[in-house]
Amino acid sequence: TSVGVPRETEPGERRVALVPGVVERLCAQGLDVVVESGAGQAALIPDDAFTKAGARIGDPWPADVVVKVVPPTEAEIGRLAAGSSLIGFLAPLTDPELAGRLRAAGVLGFAMESVPRISRAQSMDALSSQANVAGYRAVLLAATECTRFFPMLTTAAGTVKPASVLVLGVGVAGLQALATAKRLGARTTGYDVRPEVADQVSSVGAKWLDLGISAVGEGGYARELTAEEQAAQTQRLNSAIAGFDIVITTALVPGRPAPKLVPAEAVHHMRPGSVIVDLAGPAGGNCELSEPGRTVVSHEITIAAPLNLPATMPEHASELYARNVQALLELMLVDGRLAPDFTDEVLAATCITRPD
Ligand code: NAD
């Protein structure tokens, strides 16, 4: 069985779907790994690191399984062999037509976004591994943009108060943001509409902001708020936000536009020099003033809405992602051959191209 690793072509995408350590493990199981020349270059992994791990450098597209990070382009779909499989982020909720195009090309598509969030599939959970990178990176970005210190300082020149950080939406990225901000010495507070998150927030040393709204949906995710709940939330957040130096937002509802949690008015009540980092940019953003993909300044408040923070830390982001892909591949292998068992709930959920 051959596994192809193409070079990612999306502008700014520096990750690669497999790293040498994982290639070595796969080759030891009898797989033939073919890596496109330069596939690891942007993640600082040279071709010869892949060949030393047992891969060949060549054309990855005719392989039995192609592994990618971001969804394939039209041209890339055209290069996939009929009867082959594709593993990667395939945007099943935001670009549902992609599954149809893959099916038409005779390709089995396995979407990393669709891996169920259950204990048994944790090692394959790429949403989580990449969200950890994004949450960490968001705090560093906020610290860089802020005109003030994060930690409390007691110096001969006087004492500096610690920064206060509010994280709105405490899933995987939000929890990592709270933990990272705490390590930098900030005072941290978390808010979410899933009440079960309160314990996780206190476990990373943060306060829980309780606005009295609970909205638990399917599969452990949040549901969209009703218009009434949303109005109440906006009003309560509006007054809470003003007291914070940093607001990091990560609130998402699968397949829906991101909830608008931070109205322009709330931004303008913050102290000049404060910073908002909005991780919900790909779904339209959580802040009314966010411009996805850009950093803007309004009333001396910096609002950053980066679209792909994991790609800015390509070494570890690729390493973690590659382990997620490896775990999924291993679930599909029987004696070194690809034989996905679709009665397995993980594979059934992850494969987005099978007829119902
Ligand atoms: P996500 O990226 O889909 O959303 C981020 C956060 O935004 C979530 O915590 C969500 O509750 C919150 N949110 C949505 N609407 C909001 C609103 N209006 N106001 C405030 N917050 C709002 O979440 P995620 O990080 O992908 O995690 C989703 C779920 O999966 C969580 O329950 C998480 O604990 C769970 N999970 C389970 C496993 C596992 O058991 N294997 C692994 C990872 C995550």
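Analyst: Start with the angle. A helix axis is a line fitted to C-alpha atoms over the stretch in contact, and the angle between two axes runs from 0 to 180 degrees between N-to-C directions. The model here is predicted.

User: At what angle do helix 5 and helix 10 pack, and how far apart are their axes?

Analyst: The angle is about 170 degrees. The axes lie 9 Å apart.

User: Why is helix 5 called roughly antiparallel to helix 10?

Analyst: Angles over 145 degrees count as roughly antiparallel. The packing angle is about 170 degrees, so helix 5 is roughly antiparallel to helix 10.

User: Which residues make this contact?

Analyst: Helix 5 supplies Ala126, Ser129, Gln130 and Val133. Helix 10 supplies His316, Ala317, Leu320, Tyr321 and Asn324. By class, the contact has 5 nonpolar, 4 polar and no charged residues.

User: What makes helix 5 oblique to helix 6?

Analyst: Check the angle again. The axes of helix 5 and helix 6 cross at roughly 40 degrees and come within 7 Å. Roughly parallel needs an angle under 35 degrees, and roughly perpendicular runs from 65 to 115. Roughly 40 degrees fits neither range, so helix 5 is oblique to helix 6. The crossing is right-handed.

User: What classes of residue meet where helix 5 contacts helix 6?

Analyst: The contact holds 10 nonpolar, 6 polar and no charged residues. From helix 5, they include Ala131, Gly135 and Ala138. From helix 6, they include Val172, Leu175 and Ala177.

User: Ala138 is in that list. Which residues does alanine 138 touch?

Analyst: Leaving out residues up to four places away in sequence, alanine 138 touches Ala177, Ile248, Val277, Leu279 and Leu309. Ala138 is also among the three residues that touch the most other members of the largest nonpolar core, along with Leu18 and Ile248. That core has 103 residues. Helix 5 gives the most to it, with 11 residues.

User: Is serine 318 buried or exposed, and how do you know?

Analyst: Count its neighbours. A residue is buried if 20 or more other C-beta atoms lie within 10 Å of its own. Serine 318 has 27, so it is buried. This serine is found in helix 10.

User: Which residues are in contact with serine 318, apart from neighbours within four places in sequence?

Analyst: They are Arg15, Val16, Val19 and Ala43. Take valine 16. Serine 318 and valine 16 are 302 residues apart along the chain, yet their C-alpha atoms are separated by 5.6 Å.

Terms used. Residues numbered from 1 in each chain as written. Predicted model: local features only at pLDDT ≥ 70, side-chain atom pairs only at ≥ 80, totals over all residues. Core = buried A, V, L, I, M, F, W, Y, C linked by C-beta atoms within 7 Å. Buried ≥ 20, exposed ≤ 12 C-beta atoms within 10 Å, placed from the backbone. Helix = DSSP H or I, 4+ residues; strand = E, 2+ residues; numbered from the N terminus. Contact = placed C-beta atoms within 7 Å. Left-handed = near helix turned anticlockwise from the far one by under 90°. Nonpolar A, V, L, I, M, F, W, Y, C, P; charged D, E, K, R; others polar.
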